[in-house]
Amino acid sequence: MKAAKGWVVVWLGVLCMTPVWAQSPTGDERILAAREALRTGDQATLDQLAAGRSPHLLERYVKYWHLQNQLARQEPPDTARIEAFLARYAGSVLADRLRGAWLSRLAKDGNWIGFIGAWGGLASPTDGQRCQHWLARERIGDRSALDEAAAVWTGLSLRADACESLVGLLAASGRLQTDAVWARFRDEMTSRRPSDLELILSSLPSADAPSTAELMAMRKDPERYLDTLRPGFARRRADSELMLAALGRLAISDPKAAYARFARLNDALSAEDRSYGYMLLGWRAAQDHLPEAVRWFRAAGKLKMPDEQRAWQVRAALRQEDWKAVREAILAMSPEQRGEGAWTYWLARAEQALGEGEGAQHLLERVAGHPDFYGMLASDALGRAFAPPPPDRPQAAEARAGVASDPDIRRAIALFRLDLHAEGTREWIWRLRDADDAFRIAAARLALDEGIYDRAINTAEAVDPQDNFGLRYLTPYRDLIEPHARAQGLDLAWVYGVLRQESRFVTRAASPVGAQGLMQVMPATGSWVAKKIGLTDYRRSRLQEPDTNVLLGTSYMRIVLDDLDDHPVLAAAGYNAGPGRAKRWRDERTLEGAIYVETIPFTETRDYVKKVMANAVIYAALMDGKPQSLTARLGRVAPR
């Protein structure tokens, strides 16, 4: 007995020194330990884990994370192991990601021969990787590489270091055409975060290029730069381009101040450049909801505009309910843009307002019936409210069994169960990228069974937009959400419309800006609402608790609604962009709800509100079993 007791003591001592992952009967702790070791850069633990072997379904992840960590370190990576992994798991998402990481390391090391050899098989190269490939080919003497890059360089993101190096080479070799250089300069100057302008202009002859001082002065203080110019200033193209760039930057913050300077200087510009200047002013004024936008766009004449600016020309006219200008702007769009649901619908409305009933009817019929924002509006205009969708059709047991036994799907499910959501999502998307509709629906149903609601919704959405509404518009956590919604006097369909758009019902969802949980509550908002409702034991971590998150989120919805005329459109905009902005976006007169939504300046918020309101219509139809009208829900928005 003494000997046996001694062995127990020794065994317990050994067990206490053994890592938790080595004691796991399932092996899950080993997988999680490897993921944590990658996060912390713990090479020793990764070396130890990768040296072992396990029958776990996620074993390949241990090897992958180990190799990823190697590639991120200064020491030379184990090329033989990398090649063995790529060969063994060829065609998998991990092989593709490892290949991308290896290519980056080869480029960093200047191993261009190795880079060319490893290039094949990368599924969707990024701009940075494409630029690295052209650079690698150029370094080994392939003269056609720079010619290929020069043909497409205006569409490349210059925020990748490799693309900056590539454009530098293209400039030094004289492959960049002057008109293309200035076109890229204009594109950058109309973006919120212009890339390296000096690099873009570096290929211009020195006599034609602006100086670094001029460029810096224009960027630092566009208003002051414009004030230094005198009539007749445009002696070369660079003078005109910098003036227009400054005009565009100033117009972002103050379109009227920009126009005052433009009116003083525009005689020095060519007719085409004057039109471009008016387009810039109209674009920014439209986003500020200034009535002058329609006039400034009209002054741009027949200038060929990018899709973004042409869309805002329509929105500016909509805001004024100038239906003739709406029609003219839509008819000036490219056939592709004009064929989009939004502009087909608004063209129909313009034709209707101008007395062209037959043409309006034809256009509305082209959009009606689609279960989206414009399809619902078109259907409403034709007197056809959105009817409750039929129940989802049952699926054959064999299809579901086939998906449940699929090794890639099983691996994704295993990752979700370990709360490795990003990895699980990548596996899931990779497997389904070429799957047929039957497989996708079976996968969506499996995701629903597993409680992976975002995958169920997104997967079903990739099939038929007219089918599987039960899968695409799930109502999980209803026993939790409905009491809170009722306590706050909120429309349950609208609440679910917000929830579906915010988190896809992922309880631990976190946005890049810090919003948390089912209702994507920002920590500061959560703290403020907690004080308002007397939640004394609030702390940030509680935003991950579904009950607390929904309590705070629905309470905030009520506060926002009370502050915004109890209007769901304004409240949806306020929930996404802040109540103050939702108020400022109103007009001095009553606006049709659809026009208010269409003219929201923020692309993200505009898209968000459209989807929330369309979601609410579908949820209401499913919940109430009665036809629903989006137009009625949008209503009218009272003046400021």
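A helix here is a DSSP run of H or I with at least four residues, numbered from the N terminus. With that noted, I opened this predicted model.

**Entry 1: the largest pocket.** I looked up its volume and found about 690 Å³. I then checked the lining: of its 28 residues, T190, M279, W283, R284 and Q309 are the closest to the centre. Which helix gives the largest share of this lining? I found that α18 does, with seven residues. Helices α12, α16, α18 and α20 each supply at least two lining residues. Sorting the lining by class gave me 11 nonpolar, six polar and 11 charged residues.

**Entry 2: E241.** I stayed with α16, since helix residues 237-253 include E241. Is E241 buried or exposed? Its relative accessibility is 2%, so I wrote it down as buried, the cut-off being under 20%. Its side chain makes a polar contact with the side chain of R186, at 2.9 Å. Leaving out residues up to four places away in sequence, I noted that E241 touches W182, F185 and R186.

**Entry 3: the second largest pocket.** Here I read a volume of about 600 Å³. The lining has 23 residues, and E502, V513, Y575, N576 and E604 are the closest to the centre. I saw that α33, α35, α36 and α39 each give two or more residues to the lining.

**Entry 4: helix α35.** I tried a ruler check on residues 546-563: at 1.5 Å a residue the helix should span 26 Å, and its end C-alpha atoms are 25 Å apart, which agrees. Its buried residues, including Y556 and R558, belong to a set that packs against α32, α33, α34, α36 and α37. After α35 I met D565, whose phi is positive, near 60°.

Definitions and conventions: Residues are numbered from 1 along each chain as its sequence is written. This is a predicted model: local features need pLDDT of at least 70, side-chain atom pairs count only at pLDDT 80 or more; totals for chains, interfaces and linings use all residues. Side-chain values use heavy atoms; hydrogens and water are left out. Buried means under 20% relative accessible area, exposed over 50%, partly exposed in between (1.4 Å probe, protein chains only). A polar contact is a pair of N or O atoms within 3.5 Å; within protein, one must be able to donate a hydrogen and the other to accept it, and residues adjacent in sequence count only if both atoms are side-chain atoms. Contact means heavy atoms within 4.5 Å. The expected span of a helix is 1.5 Å times one less than its number of residues. On a 1 Å grid over the protein atoms alone, a cavity is a set of points where a 1.4 Å probe fits but cannot get out, and a pocket is an open set with protein on both sides within 12 Å along at least five of seven lines; lining residues have an atom within 4 Å of a point. Grid points are joined across faces, edges and corners, and a volume is the space filled by probe spheres set on the points. Ala, Val, Leu, Ile, Met, Phe, Trp, Tyr, Cys and Pro count as nonpolar, Asp, Glu, Lys and Arg as charged, and the others, Gly among them, as polar.
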